[in-house]
Amino acid sequence: MRHWLVKSEPNVFSVDDLEACPDQTRWWKHVRNYQARNFMRDDMQIGDRVFFYHSNTDIPAIVGLAEIASEPYPDPDAFDPEAKYYDPKSDPENPRWFLVDIRLTTKLDQPISLKTIKAHSETLGDLPLIRKGNRLSVMPVTSEQWDYIMSLRAA
DNA sequence: GCCAACGTTGGC
DNA sequence: GCCAACGTTGGC
């Protein structure tokens, strides 16, 4: 099993929005970045655990725990000329962009803030989230990092 | 293939 | 609102 961290801007799609979805499950985000795409398309598996992170907000933080709820599948909006995320270079025969569904398992009572995570950068320094300039919207988390971050919940 | 210009991300 | 970092685009 792998672990991931996915970013979402709460004014676009928040953990509360995910919680309100049927079965707390929804497709996740129009990724248009090849590195992120490759993680989703090639490495994500049903049941993988996911940190749901709020970016670009007052207190950037991990706000929920989720899991991958579907196999990767082509992003239908990439084929729709009317859609904002239409990409004429993606076609159904050879789709360029992919989605997975995610299911919220736990909304955290006490979010784990970026500030807290950064305070442990000596241990978590390899986490792309806290590497300077990193803008990946989906990134792998090692099981050690996962456990360590979970241990910060009580702090 | 190079690289300047531009757009986006996202913390602060 | 600012700005650093980075990816993409497009002229050459």
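**View 1. Arginine 135 reaches a base of DNA strand C.** In this predicted model, an N or O atom in the side chain of arginine 135 sits 2.9 Å from a base oxygen of DNA strand C. Lysine 132 offers a second polar contact (a pair of N or O atoms within 3.5 Å): one of its polar side-chain atoms lies 3.4 Å from a phosphate oxygen of DNA strand C. Residues are numbered from 1 along each chain as its sequence is written, while chains are lettered from A and ligands numbered from 1 in the order in which they are written. Local features need pLDDT of at least 70, side-chain atom pairs count only at pLDDT 80 or more, and totals for chains, interfaces and linings use all residues, with side-chain values based on heavy atoms and with hydrogens and water left out.

**View 2. Four names to look for around DNA strand C are Tyr34, Lys132, Gly133 and Arg135.** A residue is near the strand if one of its heavy atoms lies within 4 Å of it. The residues near DNA strand C divide into one nonpolar, one polar and two charged; Tyr counts as nonpolar, Gly as polar, and Lys and Arg as charged. On the DNA side, 69% of the atoms of strand C within 4 Å of the protein belong to sugar or phosphate, and the rest to bases.

**View 3. Six strands form an open sheet.** Their order is β2-β7-β4-β3-β1-β8, with mixed pairing. Strands here are DSSP E runs of at least two residues, helices are H or I runs of at least four, and both are numbered from the N terminus; two strands pair if DSSP finds at least two bridges between them. At the edges you will find β2 (25-27) and β8 (138-141), each pairing on one side only. Where β2 meets β7 (residues 101-113), the two pair in the antiparallel sense over three bridges, and threonine 25 stands opposite arginine 103 in β7.

**View 4. Helix α5 (residues 143-151) lies across β1, β3, β4, β7 and β8.** This helix runs at about 55° to β3 (49-54). Helix α2 (residues 34-43) lies across β1 (3-8) and β8, at about 60° to β8. Such angles run from 0 to 180 degrees between N-to-C directions, using axes fitted to C-alpha atoms, for helices over the stretch in contact (heavy atoms within 4.5 Å).

**View 5. Isoleucine 102 is tucked into strand β7 as a buried residue.** Its relative accessible area is 1%, where buried means under 20% (1.4 Å probe, protein chains only). Among the residues that isoleucine 102 touches are Leu18, Trp28, Phe52 and Ile68.

Methods: A polar contact is a pair of N or O atoms within 3.5 Å; within protein, one must be able to donate a hydrogen and the other to accept it, and residues adjacent in sequence count only if both atoms are side-chain atoms. Buried means under 20% relative accessible area, exposed over 50%, partly exposed in between (1.4 Å probe, protein chains only). Lists of a residue's contacts leave out its neighbours within four places in sequence.
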